[in-house]
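I opened a fresh notebook page today to keep track of what I look up. Come along and check each entry against the picture.

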There are 2 protein chains.
Amino acid sequence: MRILLVGAGGVGGAVTRIAARRDFFEHFVVADYDGERAAAVAASADDARFTAARVDASDQPAVEDLLARHRCDVLLNATDPRFVMPLFRAALAAGVHYLDMAMSLSRPHPERPHELTGVKLGDEQFALAPEWERAGRLALVGIGVEPGLSDVFARYAADELFDEIEEIGVRDGADLTVDGYDFAPSFSIWTTIEECLNPPVVYERERGWFTTAPFSEPEVFDFPEGIGPVECVNVEHEEVLLMPRWIDAERVTFKYGLGQEFIDVLRTLHKLGLDRTEPVKVGDALVAPRDVVAACLPDPAALGDRMRGRTCAGTWVKGTKDGAPREVYLYHVADNETTMAEYGSQAVVWQTAINPVIALELIATGTWSATGVQGPEALDPRPFLDLLNAYGAPWGLREM
Amino acid sequence: MRILLVGAGGVGGAVTRIAARRDFFEHFVVADYDGERAAAVAASADDARFTAARVDASDQPAVEDLLARHRCDVLLNATDPRFVMPLFRAALAAGVHYLDMAMSLSRPHPERPHELTGVKLGDEQFALAPEWERAGRLALVGIGVEPGLSDVFARYAADELFDEIEEIGVRDGADLTVDGYDFAPSFSIWTTIEECLNPPVVYERERGWFTTAPFSEPEVFDFPEGIGPVECVNVEHEEVLLMPRWIDAERVTFKYGLGQEFIDVLRTLHKLGLDRTEPVKVGDALVAPRDVVAACLPDPAALGDRMRGRTCAGTWVKGTKDGAPREVYLYHVADNETTMAEYGSQAVVWQTAINPVIALELIATGTWSATGVQGPEALDPRPFLDLLNAYGAPWGLREM
């Protein structure tokens, strides 16, 4: 297998170092808008299979050319969600498989944004599903940790743990702290603002997909392995759009353990218009306020040395098995100390990055084989979960 | 008298329209970095004595040239505090009087910012006091409403209402709301951030000037004329630096009725580094985060039509008179409905603007006559307070 990774940020760097320990591929190109960053990440693998390239992710022909030049079989997109569509189209045009960890962006309903969906996450990608089918290539969308591992958990629960499912709720929480900073998000603030301030989407069998106001339905979820209770709120996330396409459930939600401080920060950014992505004029410059917020905060990928604690991603499922009620939480915990010591990556980006590498290995070995636009829950969960254990990153199950 | 006004923002516009009703001057130049804005403000006076000019307030020689060209006697500075020093120096070099409404900026103590003062508000201006004396010209600093009228009130209290003063506390509160905005400050956000996030300064006779952490010593102050109780906190403000130079008091403070929401917004901006004035790199642009915040918010001077309510500026004084304890609050309330109807200016900028016009009239008529760098409390308060009533903007006194 010959791989093109686009995006040498935190997740791209972790993908590179995780992949370097595996032998399922022959060639791996690390590409980024910043050529020096790509070169540094490729060098961090310390492996002759890795090479670096400079590419603008929004330039579809340039990406196609890069895929052709390196005779790649697959494009792994590790950029931020603004670049999903050009990369997705480049892979389709070049006739290669495609993987990403976030789906094409949503647009709120113009009149009733807190009730109805407008353009949903992934809609633009699913619209091209017939073309992927015709091309005989796989676009595996949302194969990070959330979405990604969370969807694999849901498929596994549906296949092996439940006869009927009442609700699937992805629940994400952490006890991470960053020494020396008043406020330092552990993940891309651009993406966090996008997913937290967009109207959260919920699925119910009777209503289909609908939206609510931001930060709706707060609940305290008790996370495992010592993290403990964290306040979680509804957030727009891909799982809610993916799971109901392949799994039969009454209700699907995603709640993020933001904590009150982070919610207050996001509310304030929104109140002041600092979450906006349309440029404003500042002196002679035109800048998007959200980009300024990101520029003011430390790069989350560079904070690993100052971070402490664990992050937990998982899928809570409620339903029945053999006529009896059942409730489980399938989860994965990453400890920053371990991920820093073993991979030089902080916990949140590392936990995101390991999943597309596993997926690439399953595709390379033919264990996972499909065409069209597919979510992780469209494929067999067992080999994925086994390989996660084999990578030394075991998952857990809590009966509730 | 021939006047050069530099700064045609909200306050400059209100100064122009207030001055247009008075006959103490022959010529009034409205100058701004934005020549069109200056022209529009000068035209709003609808009076042949007013003319417009374009000038960069940071370009001292250009300001001197403008003063000479129009044979001005006085420069009134209505820009933001970054431009105090070049304008102050231009007036000194040109041999004209100078008035401003905010003083030269402070710099926190490098090691103990929340205990000790570093460079204090106005230090750079007072350092040039001997040169103003030698030139025989007056630099009347801090002659807006706060500082300004608040200092006049303090002088009046010391002269006529008290034998001994225990504490002078400027207290500012409002019940203003802006229709159609989640968050719309009624005054320059740049200046508000500057004064609220700098370490507040306090004066005590024994300790001299010292600083505290931002938002210290919260107290609820009951404002008059129906505004009612508002939570006030210590804020860095010129009065604390001015009053002790001329008035004998045990303690001098300034507390601003920010309210909890505004305090939360300011804390969040600081936490995220969005209050910073040093430029950050955003794509190919270099912008100061604080300028981006200002660019995202509506122009406070343009909100008058949507504002409702009143703003109160005043000076609370505690001490003794004829052996008995006494406590008074001397205040001035501006109602947005009135200021919009009469002057087309919103209440906060109008209340700031009326005071330098009164001061100019007292200087023009020779009622106020002094040389050197002087605060409003260095001059006779009675004619100022009488003229305030004559302008139709009566002040009040509450015995407590």
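In what sense do strand β1 and strand β2 of chain A pair, and over how many bridges? I looked this up first, bearing in mind that the model is predicted. Strand β1 (residues 2-6) and strand β2 (residues 27-32) of chain A are parallel partners, joined by 5 bridges. I picked out one pair to look at: A:Arg2 has A:His27 in β2(A) as its bridge partner.

**Entry: the sheet of chain A**

I then followed the strands outwards. In chain A they form an open sheet of 7 strands with parallel pairing, and I read the order as β3-β2-β1-β4-β5-β6-β19. At the edges I found β3 (50-54) and β19 (372-374) of chain A, each of which pairs on one side only. I also looked up the twist: on average, neighbouring strands of this sheet are turned by 20 degrees against each other, direction ignored.

Next I asked what packs on this sheet, and one answer is helix α13 (residues 347-364) of chain A. I see α13 touching β1, β4 (74-77), β5 (97-100) and β6 (138-140) of chain A, and its direction makes about 160 degrees with that of β5(A).

**Entry: what the record says about chain A**

I checked UniProt for chain A. An unreviewed entry there lists "domain: Saccharopine dehydrogenase NADP binding" at residues 3-139. In the model I find that span to be 38% helix and 18% strand, with its end C-alpha atoms 14 Å apart.

The UniProt record, again from an unreviewed entry, also places "domain: Saccharopine dehydrogenase-like C-terminal" at residues 144-392 of chain A. For residues 144-392 of chain A I noted 35% helix and 30% strand, and a distance of 17 Å between the end C-alpha atoms.

**Entry: the sheet of chain B**

I turned to chain B and traced an open sheet of 7 strands there, with parallel pairing and the order β3-β2-β1-β4-β5-β6-β19. Why do β3 and β19 of chain B each have one side without a neighbour in the sheet? β3 (50-54) and β19 (372-374) stand at the edges with a single partner strand each, so one side of each stays free of a neighbour in the sheet. For the twist I wrote down an average turn of 20 degrees between neighbouring strands of this sheet, direction ignored.

Inside the sheet, I looked at strand β1 (residues 2-6) and strand β4 (residues 74-77) of chain B, which run parallel and are joined by 4 bridges. Here B:Ile3 stands opposite B:Val74 in β4(B). I also found helix α4 (residues 84-94) of chain B lying across β1, β4, β5 (97-100), β6 (138-140) and β19 of chain B, at about 160 degrees to β5(B).

**Entry: where the chains meet**

Last, I looked at the contact, to which chain B and chain A each give 23 residues. Together the two chains bury about 2,000 Å², 79% of it on carbon and sulfur atoms. I noted that B:Lys271, B:Leu272 and B:Cys296 supply 31% of the area that chain B buries against chain A, more than any other three residues.

How many salt bridges are there between chain B and chain A? I count 2 salt bridges. In one, the side chains of A:Glu261 and B:Lys271 meet at 2.6 Å, N to O. I also have 4 residue pairs in polar contact between chain B and chain A. On the side of chain B that touches chain A, α10 (259-271), β14 (280-282), β15 (285-287) and α11 (289-296) each supply at least two residues. α11(B) gives the most to that side, with 6 residues.

How values were computed
Residues are numbered from 1 along each chain as its sequence is written. Chains are lettered from A and ligands numbered from 1 in the order in which they are written. This is a predicted model: local features need pLDDT of at least 70, side-chain atom pairs count only at pLDDT 80 or more; totals for chains, interfaces and linings use all residues. Side-chain values use heavy atoms; hydrogens and water are left out. Two strands pair if DSSP finds at least two bridges between them. Axes are lines fitted to C-alpha atoms, for helices over the stretch in contact, and angles run from 0 to 180 degrees between N-to-C directions. Contact means heavy atoms within 4.5 Å. UniProt positions are given in the numbering used here, feature names are shortened, and annotations may be inferred rather than shown by experiment. Buried area is the accessible area (1.4 Å probe) that two parts lose on being put together, summed over both. A salt bridge is a side-chain nitrogen of Lys or Arg within 4 Å of a carboxyl oxygen of Asp or Glu. A polar contact is a pair of N or O atoms within 3.5 Å; within protein, one must be able to donate a hydrogen and the other to accept it, and residues adjacent in sequence count only if both atoms are side-chain atoms.
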